[in-house]
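Biologist: Hi! Could you walk me through this model before I head back to the bench?

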Amino acid sequence: MTAPVEPYDVVVVGGGQAGLAAAWHLRRQGMRFVVLEAAEQLGHTWDRRWESLRLFTPAEHDALPGRPFPAPTGTYPGKEAVAEYLRGYATAFDLPVELNARVTGLQRTDSGFRLSTAERTYTARQVIVATGPFQTPFVPPLAAGLDGSVIQLHSGEYRSPAALSDGAALVVGGGNSGFQIALELAGTRPVELSIGSTYPALPQRLLGRDLFWWLTRLGLMRVTADSRLGRRLQTRETLIGSSRRGLQRAGVRFRPRLVDAAGRTVRFADGTSREVGAVVWATGYRSDYTWIDVPGVVRDGRVVHARGVTEVPGLYFLGLSWQHTRGSALLGFVADDAAHVAAHLVRTAGATGALTPQP
Ligand SMILES: Cc1cc2nc3c(=O)[nH]c(=O)nc-3n(C[C@H](O)[C@H](O)[C@H](O)COP(=O)(O)OP(=O)(O)OC[C@H]3O[C@@H](n4cnc5c(N)ncnc54)[C@H](O)[C@@H]3O)c2cc1C
């Protein structure tokens, strides 16, 4: 361990789109800050996603503050383009990012916060946690009943059909990932999709316009998490551009909720069962804030906050799912929350006189 550095005005934990959007604001405010990113390069969240992934948000809704997304309006960029955009964004604004810097501890101190990585300790007056809405892959415990000869992958590990041996595949999970992976696999093998909950589906384009054109114009991207509609919307994922009928046309067979797995046999809620050789678990993620040792911030696994501002002075979150609106965890909309958090943070710094004077 090296000696702690001077206290930063702000440390941002996580260099994904949320962390970089925050950094853009901090740079404009002349704050002394650093972004600590666990991975060896920026954009890695997107690098890791499956190869054929295309955004469901068109290019005009994929930009972070201050820099348009370099793709024509109405096109749907692939994941490499997003990763490249994030890397280019940090370079263009000369954002101070430290790579290979996973924060493993966050504590409060008399003057702010202490953050630890394997290499060193950082001190900061304020901290923004932007570690992403998708952290630890969740696989239902019943998966443990499957025989070791069954290939099992979480959707976060799935890259392409080549990852599975030849033969039929079962995809579990009826969200966007489950639908998209099942559709892709159906091009090379028989596929079944097991769905526990049915979600509403919206087409990617309506009357010649992209869905997000409509959602924005109708004010639906501004519906807040605490409104009556927002509370309803956030309990259910919405399928975008996928439909049951579309998958059926591609040959995907639908099955109800998976209720049991033993050896190479799985059983569904309707009492039917089948043998499986490969299962893709598109069953979501859970948060991991075990590294945050600050009382009053995480209760029952959930962050306690008002639009990213916690009850602990100087501690903020950014990029949470439905942090404020549906757009809070989307590329082109996180900017609003970033501006809100940055404004709060600057006010706090001003009030305590803790802003480092700039040369
Ligand atoms: C399959 C899929 C498709 C999607 N498609 C779209 C789309 O079409 N359009 C759209 O707008 N959004 C889309 N999203 C949603 C959203 O844009 C992403 O989830 C986005 O990656 C969230 O950005 P983030 O910065 O909040 O988190 P992340 O991208 O997850 O970034 C968090 C960063 O924090 C780092 N980190 C984590 N823990 C630590 C730690 N302890 N210390 C230091 N660093 C840490 C991680 O390495 C990571 O780089 C999609 C999501 C998925 C899963």
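Modeller: Happy to, and one term up front: buried means under 20% relative accessible area, exposed means over 50%, and partly exposed is in between, with a 1.4 Å probe and protein chains only. This is a predicted model, so local features need pLDDT of at least 70 and side-chain atom pairs count only at pLDDT 80 or more, while totals for chains, interfaces and linings use all residues. Residues are numbered from 1 along each chain as its sequence is written, and side-chain values use heavy atoms, with hydrogens and water left out.

Biologist: Great. How many residues surround the ligand, and which are the closest?

Modeller: There are 30 around it, and the closest are Glu37, Phe56, Thr57, Val103 and Leu331. A residue is near the ligand if one of its heavy atoms lies within 4 Å of it.

Biologist: What does that shell divide into?

Modeller: The shell has 16 nonpolar, 11 polar and three charged residues. Nonpolar covers Ala, Val, Leu, Ile, Met, Phe, Trp, Tyr, Cys and Pro; charged covers Asp, Glu, Lys and Arg; the others, Gly among them, are polar.

Biologist: And which helices each supply at least two residues of the shell?

Modeller: Helix H1 (17-28) and helix H2 (44-47) each do that. H2 gives the most, with three residues. Helices (H or I, at least four residues) and strands (E, at least two) are DSSP runs, numbered from the N terminus.

Biologist: Which atom of the ligand lies 2.9 Å from the backbone of Val103?

Modeller: A nitrogen atom of the ligand, paired with a backbone N or O atom of Val103. A ligand oxygen atom lies 2.9 Å from a backbone N or O atom of Ala18, and a ligand oxygen atom is 3.2 Å from a side-chain N or O atom of Arg49. The ligand taken alone exposes 980 Å², and the protein buries 92% of that. Those areas come from the Shrake-Rupley method with a 1.4 Å probe; for residues, only the protein chains shown count as cover.

Biologist: Switching topic: what about the domains?

Modeller: The chain is divided into domain 1 (8-135 + 287-352) and domain 2 (137-200 + 236-281), with bounds that come from an automatic or database domain assignment. Their C-alpha centres lie 32 Å apart. The contact between them takes nine residues from domain 1 and 11 from domain 2, where contact means heavy atoms within 4.5 Å.

Biologist: Is Glu192 buried or exposed?

Modeller: Glu192, in strand E10, is buried, because its relative accessibility is 7%.

Biologist: Which side chains make polar contacts with the one of Glu192?

Modeller: Its side chain makes a polar contact with the side chain of Arg253 at 3.5 Å and with that of Arg274 at 3.3 Å. A polar contact is a pair of N or O atoms within 3.5 Å; within protein, one must be able to donate a hydrogen and the other to accept it, and residues adjacent in sequence count only if both atoms are side-chain atoms. Beyond neighbours within four places in sequence, Glu192 also contacts others, including Ala169, Leu170, Val171 and Phe268.

Biologist: Which residues of H4 are buried?

Modeller: In helix H4 (residues 176-185) they are Asn176, Gly178, Phe179, Ile181, Ala182 and Leu185. Their cover includes strand E9 (169-172), strand E10 (191-194) and helix H7 (244-249), among other elements.

Biologist: How far is Ser160 from Ile181 in space?

Modeller: They are 8.5 Å apart, C-alpha to C-alpha, and 21 residues apart in sequence. Ser160 sits in the loop between strand E8 (151-154) and E9, and touches Glu51 and Glu184, not counting residues up to four places away in sequence.

Biologist: Where is Thr325 found?

Modeller: Thr325 is in the loop between strand E25 (315-317) and helix H8 (334-352). It counts as buried because its relative accessibility is 10%. Its side chain reaches the backbone nitrogen of Gly327 at 3.1 Å. Leaving aside neighbours within four places in sequence, Thr325 contacts Met221, Arg222, Val223 and Thr224.

Biologist: Last one: any odd backbone angles to look at?

Modeller: Most residues other than glycine have a negative phi. Trp322, not a glycine, has a positive phi of about 55°; it lies in the loop between E25 and H8 and is buried, with a relative accessible area of 12%. Arg307 has a positive phi near 50° and is partly exposed at 22%.
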